Amino acid sequence: MSDPLKVTGMVLSAVPAGEYDRRTVLLTKERGKITAFARGARRTNSVLLAASTPFAFGSFTVYEGKNAYTLVQAEISEYFREVRQDVEAACYACYFMELAEYYTRENLEASRMLNLLYATLRALPREEPDNELIRCVFEMKAMVINGEYPYEAANDRSLMESTRYALSYVIRAPMQKLYQFTLRPEVFREFRRVQDYYNSISIDRSFKSLEILQQMTNNS
């Protein structure tokens, strides 16, 4: 058996495997996106019961196998309980994690994407900014991290000056200051339109969590 490996990360998704196990996808700082099986994690007395659920953030001890990892221990520092307890916030968070999973790869360092996801989930329970602005900023910053965002968009003179400033801010802002602004409705509409366009030409798949989220927000 390989030596134990300790990684910092967050559980992106978890599904049942076998009778008592869970198959988890972790986004880790050191190894990027990895699949890890938590043996016996669905037993009520398992030390991995809560640690192998989505949103759990902390340190995970895993063993590397041929095709996947085995999760044996976890020290969770944040469960994002406020997000879990708010249905709308949880739907947004599921979309963000699905998008993070789309952008990341196994064995490729992912500290910036992990930091973005952490900062975003911390922002969700707040009254400001609005969740739709948080969504738009997350989509944009994820593209920036992945090297897909066209920086010249912030210099498009057909856009309002406030929109150009907001685009430039998101491109350059550190994670801890990313969600410290709001936009007037007319500015946000243009900001949203710009991001929707880049989503349409850069993302080649649909997201079930986004479909559910859109149905929820349209009916609210």
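This note covers backbone exceptions and salt bridges in a predicted model.

1. Cis peptide bond. Most residues other than glycine have a negative phi, and most peptide bonds are trans. Against that background, the bond from Glu128 to Pro129 is cis, its omega being near 0°. Pro129 sits in the loop that runs between helix 3 (111–123) and helix 4 (131–145).

2. Phe80. This residue is not a glycine, yet its phi is positive, about 55°. Phe80 belongs to the loop between strand 5 (69–78) and helix 1 (81–84). Its relative accessibility is 4%, and buried means under 20%, so Phe80 counts as buried.

3. Asn107. Here too a residue that is not a glycine has a positive phi, about 70°. Asn107 is placed in the loop between helix 2 (87–103) and helix 3. With 47% relative accessibility, Asn107 counts as partly exposed.

4. Salt bridges, total. Side chains of opposite charge can pair when their charged atoms come close. The model has 11 salt bridges. Three of them are described in the points below, including their setting in the chain.

5. Arg39 and Asp21. The side chains of these two residues form a salt bridge at 3.5 Å, N to O. Arg39 lies in the loop between strand 3 (32–38) and strand 4 (57–64), whereas Asp21 is in strand 2 (residues 21–28), so the pair ties together parts that are 18 residues apart in sequence. Arg39 is partly exposed at 48% relative accessibility, while Asp21 is buried, with a relative accessible area of 18%.

6. Arg31 and Glu64. A salt bridge joins the side chains of Arg31 and Glu64 at 3.3 Å, N to O. The two residues are 33 apart and link distant parts of the chain: Arg31 is in the loop between strand 2 and strand 3, and Glu64 is in strand 4. Both count as partly exposed, Arg31 at 23% relative accessibility and Glu64 at 40%.

7. Arg192 and Asp196. The side chains of this pair meet in a salt bridge at 2.9 Å, N to O. Arg192 and Asp196 are four residues apart in helix 6 (residues 185–202), which means that about one helical turn separates them. Arg192 is buried, with a relative accessible area of 9%; Asp196 is partly exposed, with 37%. Through salt bridges that share partners, Arg192 and Asp196 join Glu132, Arg135 and Glu139 in one network.

Definitions and conventions
Residues are numbered from 1 along each chain as its sequence is written. This is a predicted model: local features need pLDDT of at least 70, side-chain atom pairs count only at pLDDT 80 or more; totals for chains, interfaces and linings use all residues. Side-chain values use heavy atoms; hydrogens and water are left out. Buried means under 20% relative accessible area, exposed over 50%, partly exposed in between (1.4 Å probe, protein chains only). A salt bridge is a side-chain nitrogen of Lys or Arg within 4 Å of a carboxyl oxygen of Asp or Glu.
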